[in-house]
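Welcome, and please take a moment to turn the model around before reading on. The report below walks through some helices, salt bridges and backbone details.

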Amino acid sequence: MPMDFQLPPELTAYLAELDAFIEKEIAPLQARDDNDRFFDHRREWARTDWDMGGLPRHEWEELLAKARKLADQAGHYRFALPSAYGGKDGSNLWMAVIREHLASKGLGLFNDLQNEHSIVGNNPFVLMIRDFGRPDQQHLITDMLDKGAFRPTFGLTEPDHGSDATFMETRAVREDYHGEAGWRINGEKMWTTGMHAATHCCLFVRTSGEDGDARGITAFLVPAHAPGVKIEEYLWTFNMPTDHPRVSFTNVWVPESAMFGPEGGGLALAQHFVHENRIRQAASSLGAAVFCIEESIKYARARKPFGKALAENQAIQFPIVELSTQAEMLRLLIRKTAWEMDQMTKVEVEKRLSDKVSMCNYWANRLCCEAADRAMQIHGGIGYSRHKPFEHIYRHHRRYRITEGSEEIQMRKVAAWLFGYIGPRKQAFAQERPDMDKV
């Protein structure tokens, strides 16, 4: 079949529909009541309640909720979800294109990735509940989407364990309480994002096995205000506000019904949406990089030091050429990978395409940081100021080189696939070198 790099007409039409919705509904909301303070040079001050531990201000989170409600009413917010939950069965390819498109428009109420806000939402917990929740837990999808009565956060990382999650120290042991079967939990988690507003923490704990074992980790839906759950501190970050606390769980008892997914099979839940998240986040980083590149080009043509356009200097041109070249190549890889993901099951993606997803993610995050840094340099003093969005973009996207699987972890995965230690090449290399796995 012939190769076709054109986007489907239906997709380009939907991008135009999103733009029209932003212009009609979201832009006026941002312009109202000085809501621009959350996006202009005052953004970090306006968003952060410095007297409340650096938490997001109530007004900021309330504004985001209003935008999401408008998007949901218009049929956009649940786009990626199955139609059974009010979505449009959005594909990975469509989501990648949409996320790049929105991020390339710069900062705005329509898409602010500092806290994963977008008019086209990413709701991985819905599919987690669908695929792993018991029949009596399926109502949580409606509670989350329609009622706001279920607001989960994610408790996986610990103070001493990040990428090595299988070495987590949080433990749960069986214990009956007032005649009811359940579990007693003790431990501590880090970067439990959104805990200040959560109703539950999807908490991953070791219930059996040894340190390092993939099996033996179980997920529980722990009420955020259960006795023994305590927010110890909010960790101030490179980009404020913060909703990333360190949370302790001391003698927390939960009933057997709090178990989420199979006992000992919790890592499957943690990995359930990682590829979708990584490809979408890569597309957002690409879009933000494109924004920085295009703004740099416009500024360099308009700025005329010594009587000639800054853009005439090769010292300005060549770095932008390199960034633009990388952006063009990365876009093709992201869209090809997203399209291939749409042809496979989640299990197949993990076995056949995981390395490509990692390539997209780590390179897009790095590219965005480089593009934001270059934009600051080209814009000079005003680029370094908060009157331009580049410092905000840099500070936010810099975290993605650590979260969602650190850059080094993702490169390690790609290398393991390339050299046949895991992945499709393993069998071929083993036939050539039977001792390969012993190296």
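## A nonpolar patch on the surface

Let us start on the outside of this predicted model. Leu418, Phe419, Tyr421 and Ile422 together make a nonpolar surface patch of about 370 Å². One of these residues, Ile422, sits in the loop between α14 (407-418) and α15 (425-432). Ile422 has a relative accessibility of 39%, so it counts as partly exposed, the range for that class running from 20% to 50%.

## Helix α1 and its kink

Helix α1 covers residues 9-31, and its 23 residues should span 33 Å at 1.5 Å a residue; the C-alpha atoms at its ends are 32 Å apart, which agrees. If you follow the helix along, you will meet a kink of about 40 degrees, centred on Ile22.

Ile22 is also among the buried residues of α1, together with Leu11, Tyr14, Leu15, Leu18, Phe21, Ile26, Leu29 and Gln30. A reminder helps when reading that list: an α-helix has 3.6 residues a turn, so residues three or four places apart point the same way. The buried residues of α1 pack against α3 (58-73) and α4 (92-103).

## Two more helices and their neighbours

Helix α5 (residues 124-132) has Pro124, Phe125, Val126, Met128 and Ile129 as its buried residues. What do the buried residues of α5 pack against? Their partners include both helices and strands: α6 (139-147), β5 (152-155), β8 (200-206), β12 (259-260), α7 (266-270) and α8 (274-302).

Helix α13 (residues 390-398) is mostly covered, with 7 of its 9 residues buried. These are Phe390, Glu391, His392, Ile393, Arg395, His396 and His397. They pack against α2 (43-47), β3 (111-112), α8, α11 (354-379) and α12 (381-384).

## Salt bridges across the sequence

How many salt bridges does a search of the whole structure find? The search finds 32. One of them joins Arg386 to Glu44, with the closest N and O atoms 2.3 Å apart. Arg386 lies in the loop between α12 and α13 and Glu44 in helix α2, so this pair ties together parts that are 342 residues apart in sequence. Is each partner buried or exposed? Arg386 counts as partly exposed because its relative accessibility is 37%, whereas Glu44, with a relative accessible area of 10%, is buried.

Arg246 deserves a look too, as it appears in two of the pairs described here. Its side chain meets that of Glu188 in a salt bridge of 2.6 Å, N to O. This pair links distant parts of the chain, with Arg246 in strand β11 (residues 245-255) and Glu188 in strand β7 (residues 182-189), 58 residues apart. Glu188 has 25% relative accessibility, and therefore counts as partly exposed. Arg246 also meets Glu233 in a salt bridge, at 2.9 Å from N to O. Since Glu233 lies in strand β10 (residues 229-234) and Arg246 in strand β11, this pair ties together parts that are 13 residues apart in sequence. Glu233, at 33% relative accessibility, is partly exposed as well. Elsewhere, salt bridges with shared partners join Arg43, Glu44, Arg386, Glu391 and Arg395 into one network.

## Backbone details in the loops

Most residues other than glycine have a negative phi, and most peptide bonds are trans. With that in mind, have a look at Asp33, which is not a glycine but has a positive phi of about 55 degrees. Asp33 follows α1 and belongs to the loop between α1 and α2. Its relative accessible area is 62%, so Asp33 is exposed.

His178, also not a glycine, likewise has a positive phi of about 55 degrees. You can find His178 in the loop between β6 (171-174) and β7, where its 73% relative accessibility makes it count as exposed. The peptide bond from Met240 to Pro241 is cis, with omega near 10 degrees, and Pro241 lies in the loop between β10 and β11.

## A pair of residues along the chain

Finally, Ser324 is part of helix α9 (residues 314-342). At 24% relative accessibility, Ser324 counts as partly exposed. Its C-alpha atom and that of Glu294 are separated by 9.2 Å, while the two residues are 30 residues apart along the chain.

Methods
Residues numbered from 1 in each chain as written. Predicted model: local features only at pLDDT ≥ 70, side-chain atom pairs only at ≥ 80, totals over all residues. Heavy atoms only, no water. Helix = DSSP H or I, 4+ residues; strand = E, 2+ residues; numbered from the N terminus. Expected span 1.5 Å × (residues − 1). Bend = angle between axes of the 7 residues up to and from the residue. Buried < 20%, exposed > 50% of the residue type's maximum accessible area, 1.4 Å probe, protein only. Contact = heavy atoms within 4.5 Å. Patch = residues over 30% accessible without salt bridge, like charges linked within 9 Å, V, L, I, M, F, W, Y side chains within 5 Å. Areas by Shrake-Rupley, 256 points an atom, 1.4 Å probe, with all protein chains shown as cover. Salt bridge = Lys/Arg side-chain N within 4 Å of Asp/Glu carboxyl O.
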